[in-house]
Amino acid sequence: MSVVEELRACFVQNPDESADDFLTKLRRQLSQASDEAVVLTAELLYLNVLPLGPYQITVPTKRRMLDKVLSWAGSPVQIPDELGAALGGFMHGGQAFLNYRWAQLQFLIQLVGELLALEPQERDRVLGDPWLMRDACGRVTGAMGHQRARAQVQVLLHLLFPDVFIDSANVEHKRRIRDTFAPEYLNGEPGDVDRDLMAIRETMRKETGAPVDFYDQKWAAQWNPPSTTEETRRGWLVRGANVGGVNYIAAWLELGFCSVSWHELPEVPAGATMDEVAHAIAEAEPDTSVHHQAASRTQLHNFLTTMRQGDLVATVDGQNVHLGTVEGDAYYVADGPTAIARRRKVTWHTIGKPVARDTLPDPVRSKLSDRRTIADISPAIAALVEAAHLGDLEVSEGLLEQDETRPLELPAATEELAASLLFPLDWLEATVGVLQRHQQMILYGPPGTGKTHLARALAEHIAESENITLVQFHPSYTYEDFFEGYRPVKATSGTIAFELVPGPFKRLAEEARSNPTAPYVLIIDEINRANLAKVFGELYFLLEYRDNPITTQYSDGERFDLPRNVYLIGTMNTADRSIALVDAALRRRFAFRRLAPDTEPINGLLRKWLAGHGLPPLAADLLDELNRRLADADRAIGPTYLMRPGLDDPALLAQIWDTQILPLLEDQLYGTGPDATAPFELEALTKSLPAGAAVS
C-alpha cells in the first residue's frame with residue numbers, strides 16, 4: 001500500500017464525527033499509520049496553513065500544530081529552517097480555513113493521489129500548466145461530493161501560480177472583483193472568472209506600473225466599500241404539508257412555487273417594510289396576543305421581503321425533503337385558494353428524487369423540525385444541497401461558511417495566552433479541549449484563585465469581544481431575567497402594556513444563530529448562587545441535546561434550539577457551601593475544571609508573579625503557610641488577593657491582610673471560636689517562617 005493509499009484509508013475513508021478538536025481526532029485516525037504517512041500529513045498541513053497571515057493564525061500556533069503531528073512519528077522529524085521561516089503567511093483564508101481543515105486535508109490527500117496516478121511526463125505537464133492544474137483540482141472536489149475544500153483550492157492555485165490566480169480564498173470575492181473592474185479594464189465580454197481577473201490585473205499593472213493587490217484599500221474600496229453589507233444566498237424552510245389540514249406540496253412541485261397562508265390578511269405587496277406588515281397583521285388579527293402578532297410579522301416579512309431571488313428553499317413532506325431555488329419576488333394570486341395565495345416562484349431540484357429526512361445529519365434534521373411557517377435555515381442548507389447530490393447547484397461562500405453540521409473549531413491555546421496568565425500551556429490546551437468537547441464548563445475553587453479572570457481570558461481568546469456576555473447569578477435571579485419574560489412597557493396610547501423581552505442568554509443565542517461560524521461565549525459568574533433549576537427551567541434539556549428544539553415557557557408554540565457555536569463558562573466559589581446544592585442535572589451537563597492553591601495551575605502562581613515583577617517572595621511564603629494551617633482545600637485562600645504592584649511595601653501587605661483576607665476567614669470560620677483567626681494573623685504567620693524569610 002502506498003503512503004497516499006494509507007492516508008486515504010485512515011483519514012479520508014475513516015472520518016471522525018466526534019466533537020473533539022481537529023488534532024485530537026487526527027491523532028486517533030493516524031494511530032496505526034506509518035511514520036511516512038504521519039510525515040506526509042504534516043507536509044500537507046504545512047501547505048494548508050502556510051499562506052494564512054498572523055491575524056488569522058500565528059506562527060507559533062502553526063509551528064506547534066506541525067510539531068505535534070511530527071511528534072507522532074517514531075523517529076524525530078524537524079521542520080527545515082527555510083520552511084519554518086516562510087510560515088509568516090500573507091493572506092486571510094476566511095472562516096472556512098478554521099472550520100474545514102478536515103475537508104482541506106482530504107482534498108490535498110486526494111489531489112496527491114490524483115497526481116501520482118499520472119504518468120511522470122503528464123504529471124509534470126499538469127504541474128506546470130495553471131489551467132490543467134485547476135482542472136485536476138476540480139476533478140478532485142467533484143469526486144468529494146461537497147464544496148467545503150473550495151477555499152483550499154483557491155489558495156493552492158495562487159501558491160502554485162501567483163501570476164495567474166489572485167490571492168483570494170473566496171470565490172464570491174473573485175466574482176465581485178471581476179464584475180467591478182471588468183467594464184473599465186477587461187477587453188471583451190466576461191467569461192471565466194480566473195482568466196478575466198488575470199487579464200484585468202495585467203491591464204492595471206501596465207497602467208499603474210506596479211503590482212496590483214485587490215485587497216489593498218485603493219482597490220478594495222471600489223469592489224467592497226465599507227457601506228455595502230455583505231449579501232449572500234440564504235436558505236429557508238417553508239412549510240406546506242399541513243395548511244389548514246391540506247397538503248399543498250404536490251401542487252408546489254407541479255406548478256413551481258411555494259406559498260404561505262395568513263388567509264385573513266388582504267394582499268400585502270412584495271418588499272413591504274416590517275411596519276407595513278405589522279400594521280396589516282394588527283388590523284386582520286386584532287384579538288391575537290402581541291407575541292403571536294410579532295411572530296407572524298417576522299415570518300411574513302421574511303417571505304415578502306427578506307427572501308430574495310437566488311435563495312434556496314426547503315420543504316418537508318413526511319420523510320421526504322425537497323429543495324429548490326427562489327426565482328423571483330413574492331406575488332399574490334387572488335383567483336385561487338387563499339391558503340396558497342401568497343407565492344414565490346421556485347425551481348424545484350428534487351422532483352422524483354427527494355432527500356430522505358432520516359439520512360440527514362442531526363443539525364439539519366433539527367432545523368427542518370422548526371414548526372414556524374417560514375424559518376431561516378441557512379446554517380443547514382449547504383449540507384442539504386450536498387445530501388441531495390446537486391453538484392451543479394451553486395452554493396455561495398457565505399452558506400458554505402455557515403454550515404453547522406460539524407462542530408466549530410476553537411482556536412488552540414497559545415504561548416501568549418499562557419504567558420499572560422502565568423499558566424502552563426498544556427493545562428490551558430486541555431481546558432480549551434474540554435470546552436471544545438462539552439461546550440459547557442465550570443471553573444470552581446476557593447476565593448482568590450482567579451476563576452472569573454480566567455473565564456474572561458478564555459472567552460476573549462476564543463471569541464470576539466462583542467460576542468461575549470457576562471452575567472452574575474444571585475439568589476433573586478430568575479428564568480425571566482436569564483432567558484425571557486414579560487416586562488412593562490409604555491404603549492403608544494400612553495397605557496402600560498407587557499412585552500416579552502429576551503434576556504441575555506436568548507439574545508446571545510439569537511446573535512450566534514445569525515453568525516454560526518463565530519464562537520459566542522456566555523460567562524455565568526457565581527453560577528451556584530442562584531436557584532439553578534428555576535433559572536434554567538426547560539433549558540437544561542438544550543444543554544444536553546442542542547439539536548432538538550423545544551417549546552419554551554413563553555414561546556406561544558415557537559420552538560427554540562441552542563446553536564452549536566454558543567459556549568458557556570461558569571464560575572463557582574467552593575467556600576460558598578451552596579455548591580453542595582448544585583443538582584445532578586447541572587453537574588451532568590457541565591464539565592468541571594478545578595482551580596485550587598495546592599494544585600496546578602494555581603500552585604506557585606503567586607511566586608511566579610512576584611518574581612516577574614521583581615518583588616520578594618515573602619507574600620508567597622505567608623500564603624503557603626496560611627493555607628497549610630487552614631488544611632481545607634475549599635477554604636484555602638487564592639493568590640490573586642496578593643497579586644498587587646507595590647507588595648514589597650509592608651504597609652500594603654498588612655492592609656490587604658487585615659481588610660480582605662482576615663475578614664474572609666472570619667466569615668468562613670464563624671462559630672468555631674472567639675479567636676479562630678488568631679493563627680492566621682500576619683504577625684503569627686511571619687514568626688513561623690524560617691529565619692530571614694521576612695526580608696528575603
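**Entry 1: a first salt bridge**

Which residue forms a salt bridge with Arg139, and how far apart are the closest N and O atoms? I looked this up in the predicted model and found Glu114 as the partner, with the closest N and O atoms 2.9 Å apart. Arg139 lies in helix H9, residues 130-144, and Glu114 lies in helix H7, residues 101-116, so this pair ties together parts that are 25 residues apart in sequence. I then checked how open the two residues are. Arg139 is partly exposed, with a relative accessible area of 45%. Glu114 is also partly exposed, at 24%.

**Entry 2: the chain as a whole**

I stepped back for an overview. The protein chain has 31 helices and 17 strands. Its C-alpha atoms fill a box of roughly 90 × 75 × 50 Å along the principal axes. Of the 696 residues in the chain, buried ones make up 52%. I also asked for the salt bridge count, and it comes to 28.

**Entry 3: Asp192 and Arg134**

Next I followed helix H9 to another of its charged residues. Arg134 meets Asp192 in a salt bridge, with 2.8 Å from N to O. Arg134 sits in helix H9, while Asp192 is in the loop between helix H11 (171-185) and helix H12 (193-208), so I noted a link between distant parts of the chain, 58 residues apart. Asp192 counts as partly exposed, at 29% relative accessibility.

**Entry 4: Arg148 and Glu386**

Where do the two partners of the Arg148 and Glu386 pair lie in the chain? The side chains of Arg148 and Glu386 meet in a salt bridge at 2.4 Å, N to O. Arg148 is in the loop between H9 and helix H10 (150-160), and Glu386 is in helix H18 (residues 378-387), so the pair ties together parts that are 238 residues apart in sequence. Is Arg148 buried or exposed? At 6% relative accessibility Arg148 counts as buried, because the cut-off for buried is under 20%. Glu386 is partly exposed, at 28%. Before leaving the salt bridges I noted a network: bridges that share partners join Arg134, Lys174, Asp192 and Asp194.

**Entry 5: aromatic rings**

How many aromatic pairs does a search of the whole structure find? The search gives 23. One of them is Tyr486 with Tyr554, an edge-to-face pair with 5.6 Å centre to centre and 85° between the planes. I placed both rings in the chain: Tyr486 is in strand E11 (residues 484-490), and Tyr554 is in the loop between strand E14 (550-551) and strand E15 (559-560), 68 residues apart. Tyr486 counts as partly exposed at 36% relative accessibility, and Tyr554 is partly exposed at 21%.

I then looked for a wider group of rings. Ring pairs link a cluster that includes Tyr486 and Tyr554, along with Phe473, Tyr477, Tyr479, Phe482 and Phe483. Phe505, Phe536, Tyr540 and Phe560 belong to this cluster as well.

**Entry 6: two surface patches**

Tyr486 turned up again when I looked at the surface. Together with Ile496 and Phe498, Tyr486 forms a nonpolar patch with about 340 Å² of accessible area.

Which residues gather in a patch of negative charge on the surface? I found Asp658, Glu666, Asp667, Asp675 and Glu681. Glu681 is in the loop between helix H30 (650-668) and helix H31 (682-688). Glu681 is partly exposed, with a relative accessible area of 38%.

**Entry 7: two spacings to finish**

I checked Ser31 against Trp72. Their C-alpha atoms are 8.4 Å apart in space, and the residues are 41 apart in sequence. Ser31 lies in the loop between helix H2 (22-29) and helix H3 (35-49), and counts as partly exposed at 41% relative accessibility.

How far apart are the C-alpha atoms of Asp376 and Pro549? They are separated by 14 Å, with the two positions 173 residues apart along the chain. Asp376 is found in strand E8, residues 374-376, and is partly exposed, with a relative accessible area of 28%.

Conventions
Residues are numbered from 1 along each chain as its sequence is written. This is a predicted model: local features need pLDDT of at least 70, side-chain atom pairs count only at pLDDT 80 or more; totals for chains, interfaces and linings use all residues. Side-chain values use heavy atoms; hydrogens and water are left out. Patches are made of residues with over 30% relative accessible area and no salt bridge: like charges are joined within 9 Å, nonpolar side chains (Val, Leu, Ile, Met, Phe, Trp, Tyr) within 5 Å. Accessible areas come from the Shrake-Rupley method with a 1.4 Å probe; for residues, only the protein chains shown count as cover. A salt bridge is a side-chain nitrogen of Lys or Arg within 4 Å of a carboxyl oxygen of Asp or Glu. Lys and Arg count as positive and Asp and Glu as negative; His and the chain ends are not counted. The place of a charge is taken as NZ of Lys, CZ of Arg, CG of Asp or CD of Glu. Helices (H or I, at least four residues) and strands (E, at least two) are DSSP runs, numbered from the N terminus. Buried means under 20% relative accessible area, exposed over 50%, partly exposed in between (1.4 Å probe, protein chains only). Rings of Phe, Tyr and Trp (its six-membered ring) pair if their centres lie within 6.5 Å; planes under 30 degrees apart count as stacked, over 60 as edge-to-face and the rest as tilted.
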